[in-house]
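Here's a set of exercises to work through with the viewer open. Each one has a task, then a solution taken step by step.

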Amino acid sequence: MSGLARELWRLPAVSLAPSAIEILTAELRQRLRLVTGAHAGVRFASSMAAEDMVLVDAIATSGVPIEIFTIDTGRLHEETVRMVEVTERHYGILIGRAAAPEQEVRAFVENHGLNGFYESEDAKKACCHARKVVPLNLALAGAGAWITGQRREQAVTRTELGLAEHDEARGIAKYNPLFDWSQDAVWSYLQHRNVPLHPLHRQGYPSIGCEPCTRAIRADEDLRAGRWWWLRQESKECGLHLNAAQ
Ligand code: SF4
């Protein structure tokens, strides 16, 4: 293994010209207006990581009526909790907190132990269900549509992603306005528009989830290698984006 490969992942170099970013920005805003024109009660669950910060910036600076919230799993990095506050101050907005219900979390801990998600794929699914899926479902109750920061390039599980889909489990529309964005587009946008950056991105984390289930990655690893690193690639979804009954 070369010395370069052993290095931690770093913020990607950016190459898009300001004019190209302006075009992308206009197109993104148009996509968001398309969603809010078609649905009342559009909501966005933000992890505060790079792609989601592109969307936070686009929503906050364009004034489209999309409610932003974050899922408080109770196992987030302290940096993520602070990032929510930093973002609220930066844009002068309020970000909702969808907390995992106590009884769901207690049931998981009683059955599997606090960190039981390391023991099996089923236990990991159960924890994500209690701490992520249930609060997401509650936060999306009554929504007309929700949007996500997913991109095709991010994972083998996302190569078929499109702009619009139907979230069958929740019975609402779902949009992925960044579905065709490249990594370069995301980071060029963030840099060009001085968007607040989650501090863990500067510590080798391209993708950020719960603290016990996310690690920094090396420069030569898959971008989602640091998420649930003990599982197979195909298992690296937390249930938020699965269309099966949760
Ligand atoms: S990412 Fe880990 S700690 Fe967070 S909900 Fe899923 S299994 Fe639990």
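Before you start, one cut-off you'll need: helix axes at 65 to 115 degrees count as roughly perpendicular, under 35 as roughly parallel, over 145 as roughly antiparallel, and the rest as oblique. Also keep in mind that this is a predicted model.

**Exercise 1. Two helices**

Task: Work out how α2 and α3 are arranged relative to each other, and say which residues meet where they pack.

Solution:
- Step 1. Two packed helices are described by the angle between their axes and the distance between the axes.
- Step 2. Find α2 at residues 18-38 and α3 at residues 50-62; the pair packs at an angle of about 75°, and the axes are 10 Å apart.
- Step 3. Check that angle against the cut-off: α2 and α3 are therefore roughly perpendicular to each other.
- Step 4. Now look at the contact itself. On the α2 side you'll find Leu28, Arg29 and Leu32, and they meet Ala58, Ile59 and Ser62 of α3.
- Step 5. Sort the contact of α2 with α3 by class, and you get 4 nonpolar, 1 polar and 1 charged residues.

**Exercise 2. The core**

Task: Describe the largest nonpolar core and say which elements supply it.

Solution:
- Step 1. Count its members: the largest nonpolar core has 52 residues.
- Step 2. Pick out the residues with the most contacts inside this core, which are Phe44, Val54, Ile59, Ile147 and Val186.
- Step 3. Trace the elements. At least two core residues come from each of α2, β1 (42-45), α3, β2 (66-72), α6 (121-140), β4 (145-147) and α7 (183-192).
- Step 4. See who gives the largest share: α6, with 9 residues.
- Step 5. Zoom in on Val186. Skip its neighbours within four places in sequence, and its contacts are Ala50, Glu51, Val54 and Trp181. Val54 has turned up already, among the core residues with the most contacts.

**Exercise 3. The ligand shell**

Task: Say how many residues surround the ligand, and what the shell is made of by class.

Solution:
- Step 1. Count the residues around the ligand: there are 13.
- Step 2. List the closest: Cys127, Cys128, Arg131, Cys210 and Cys213.
- Step 3. Split the shell by class, which gives 7 nonpolar, 2 polar and 4 charged residues.

**Exercise 4. Positive phi**

Task: Take methionine 48 and tryptophan 228. Where does each sit, and is each buried or exposed?

Solution:
- Step 1. Start with the backbone. Methionine 48 has phi near 75°, a positive value in a residue other than glycine.
- Step 2. Place methionine 48: it's in the loop between β1 and α3.
- Step 3. Methionine 48 has 24 C-beta neighbours inside 10 Å, so it counts as buried.
- Step 4. On to tryptophan 228, where phi is near 45°, again positive in a residue other than glycine.
- Step 5. Tryptophan 228 belongs to the segment after α7. With 23 other C-beta atoms within 10 Å, tryptophan 228 is buried.

**Exercise 5. Sequence versus space**

Task: Set separation in sequence beside separation in space for leucine 8, valine 134 and histidine 112.

Solution:
- Step 1. Leucine 8 lies in the loop between α1 (3-6) and α2. Leucine 8 and aspartate 220 are 212 residues apart in sequence, but 8.5 Å apart in space, C-alpha to C-alpha.
- Step 2. Check the surroundings of leucine 8: beyond four places in sequence, it's in contact with Gly204, Ala216, Arg218 and Ala219. Leucine 8 counts as partly exposed because it has 13 C-beta neighbours inside 10 Å.
- Step 3. Valine 134, in helix α6, is 33 residues from proline 101 in sequence and 7.7 Å away in space, C-alpha to C-alpha.
- Step 4. Not counting residues up to four places away, valine 134 touches Ala100, Pro101, Glu104 and His129. It has 20 other C-beta atoms within 10 Å, so valine 134 is buried.
- Step 5. Finish with histidine 112, in helix α5 (residues 102-112). Histidine 112 and glycine 96 are 16 residues apart in sequence, yet 29 Å apart in space, C-alpha to C-alpha.

Note on methods
Residues are numbered from 1 along each chain as its sequence is written. This is a predicted model: local features need pLDDT of at least 70, side-chain atom pairs count only at pLDDT 80 or more; totals for chains, interfaces and linings use all residues. A residue is near a molecule or strand if its C-beta atom, placed from the backbone, lies within 6 Å of it. Ala, Val, Leu, Ile, Met, Phe, Trp, Tyr, Cys and Pro count as nonpolar, Asp, Glu, Lys and Arg as charged, and the others, Gly among them, as polar. Axes are lines fitted to C-alpha atoms, for helices over the stretch in contact, and angles run from 0 to 180 degrees between N-to-C directions. Helices (H or I, at least four residues) and strands (E, at least two) are DSSP runs, numbered from the N terminus. Two residues are in contact if their C-beta atoms, placed from the backbone, lie within 7 Å. A nonpolar core is a set of buried Ala, Val, Leu, Ile, Met, Phe, Trp, Tyr and Cys residues joined through C-beta atoms within 7 Å. A residue is buried if 20 or more other C-beta atoms lie within 10 Å of its own, exposed if 12 or fewer, and partly exposed in between; C-beta atoms are placed from the backbone.
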